[in-house]
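Me: Please take a close look at the interior of this protein and explain how its parts fit together. I am in my first year, so kindly define each term as it arises.

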Amino acid sequence: MFGMFNSQYYGDVTRWFIGIVEQVGGDVPQLGRVRVRIHGIHGPRDELPLADLPYASVMLPATEGGVSGIGRSTGLVQGATVFGIFMDGTNSQLPLVLGSIPKMETPSATQLAGMRTGIPYQSSGVPYANTNPTMNDSLVGIPPGVTYNPNSDQKQNIQTAWDYFMSTGNYSKDQVAAMIGNFIVESGMNPGSQSDVITDDGTRENSIGIAQWYYYGATGGRQTAFKTFAAEKGKNWDDLYVQLAFVDHELAKDSYLEGAKFKRTTNVVDATLAFMRDYENPAKTGEYGSDGEEMRLGQNERISNAQGIYQNFASSGAGV
């Protein structure tokens, strides 16, 4: 009698998986589904792009209504490690997420060094932009180690950075969110930030500003170039506007920073990873992500930050 039933659909054949959430939202029927890159099945992004990943349904507890329009959505975010099963057994086309697996995130180099020295931001006297869209006080994605105060300079600095980069016409909303998401990890968006960082070769170097430009070599490398740029503009190095202008300058002028490649990205995750690897270049962790690339310090926080920034700003319809 057993042979009369297709057992893969009712429990005798169960295939489980572990994967990384790569996209939250964008589920057109709004069923709370997420895109998951599943270990052992889905290759890196250059083999299987984000758009080709199947949507995974997410199981909710029995305390929810379970019918359309009633109950809460899931709380998963990009970068979450999840466990689940395939509802179609060995066909493996209908993933169902049963839960997330807690993990220890790797802090960024600046977080390891104490994040910030406490030097206050010295205003240049140029008034901050106060234009829409504005950042929602419930911004998600601020990394551990950064105290988020909605009335602090951090909120205004994020707002200013968004307005500035969008006004250039050089970047998409995804790309602007990606830059700010990286800057939050690097410095907490504090233009007066100074800290020591450990480079890949183990050297301790001094780094400054929202992007943590660090001094290296006999001439100081990018930090010296940045300070020269600020002086030519008649500004102190800790001026937020001159730092934003230097980022734009470097992405346009310095080909080794892969600004052209960054500007070809089409979603928040890819933009965040490209900016992290080619512009910020934080230390590698020795662990590998779902895309087959070696992970960098604070990688998951950078993606979460960028997603939070995008969700807060992009829905306003401003910019490109």
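Reply: **The nonpolar core and its surroundings**

The largest nonpolar core contains 36 residues, and those with the most contacts inside it are Phe-165, Met-179, Ile-180, Phe-183, Val-247 and Phe-262. A nonpolar core is a set of buried Ala, Val, Leu, Ile, Met, Phe, Trp, Tyr and Cys residues joined through side-chain atoms within 4.5 Å. Buried means under 20% relative accessible area, exposed means over 50%, and partly exposed lies in between (1.4 Å probe, protein chains only). Two or more residues of this core come from each of helix H2 (153–168), helix H3 (173–187), helix H4 (221–232), helix H5 (240–253), helix H7 (268–280) and helix H8 (299–313). Helices (H or I, at least four residues) and strands (E, at least two) are DSSP runs, numbered from the N terminus. A second core lies apart from the largest one and has twelve residues, among them Phe-17, Val-36, Ala-56 and Val-58.

The model is a predicted one, in which local features need pLDDT of at least 70 and side-chain atom pairs count only at pLDDT 80 or more, while totals for chains, interfaces and linings use all residues. Residues are numbered from 1 along each chain as its sequence is written, and side-chain values use heavy atoms, with hydrogens and water left out.

Within the largest core, Ile-180 shows what the packing involves. Setting aside residues up to four places away in sequence, Ile-180 touches Ile-158, Ala-161, Trp-162, Met-189 and Ile-309, where contact means heavy atoms within 4.5 Å. Asp-163 sits in helix H2 and counts as buried because its relative accessible area is 12%. The C-alpha atom of Asp-163 is 9.4 Å from that of Val-176, although the two residues are 13 apart along the chain.

Helix H7 is mostly covered, with ten of its 13 residues buried; the buried ones include Val-268, Leu-273, Phe-275 and Met-276, and also Glu-280. Asn-267 precedes this helix, in the loop between helix H6 (259–263) and H7. Asn-267 is buried because its relative accessible area is 17%. Its side chain reaches the backbone nitrogen of Val-269 at 3.2 Å and the backbone nitrogen of Asp-270 at 2.8 Å. Each is a polar contact, a pair of N or O atoms within 3.5 Å; within protein, one must be able to donate a hydrogen and the other to accept it, and residues adjacent in sequence count only if both atoms are side-chain atoms. Beyond its neighbours within four places in sequence, Asn-267 is in contact with Arg-45, Leu-50 and Asp-174. Just after H7, Asn-281 takes a positive phi of about 55°.

Another polar residue, Asp-88, lies in the loop between strand S4 (81–86) and strand S5 (95–100). Its side chain reaches the backbone nitrogen of Ser-92 at 3.4 Å, and a polar atom of that side chain lies 2.8 Å from the backbone nitrogen of Gln-93.

For the wider setting, the protein chain has eight helices and ten strands, and 46% of its 320 residues count as buried. Of the contacts in the chain with a separation of 6 or more, 60% are between residues 24 or more positions apart.
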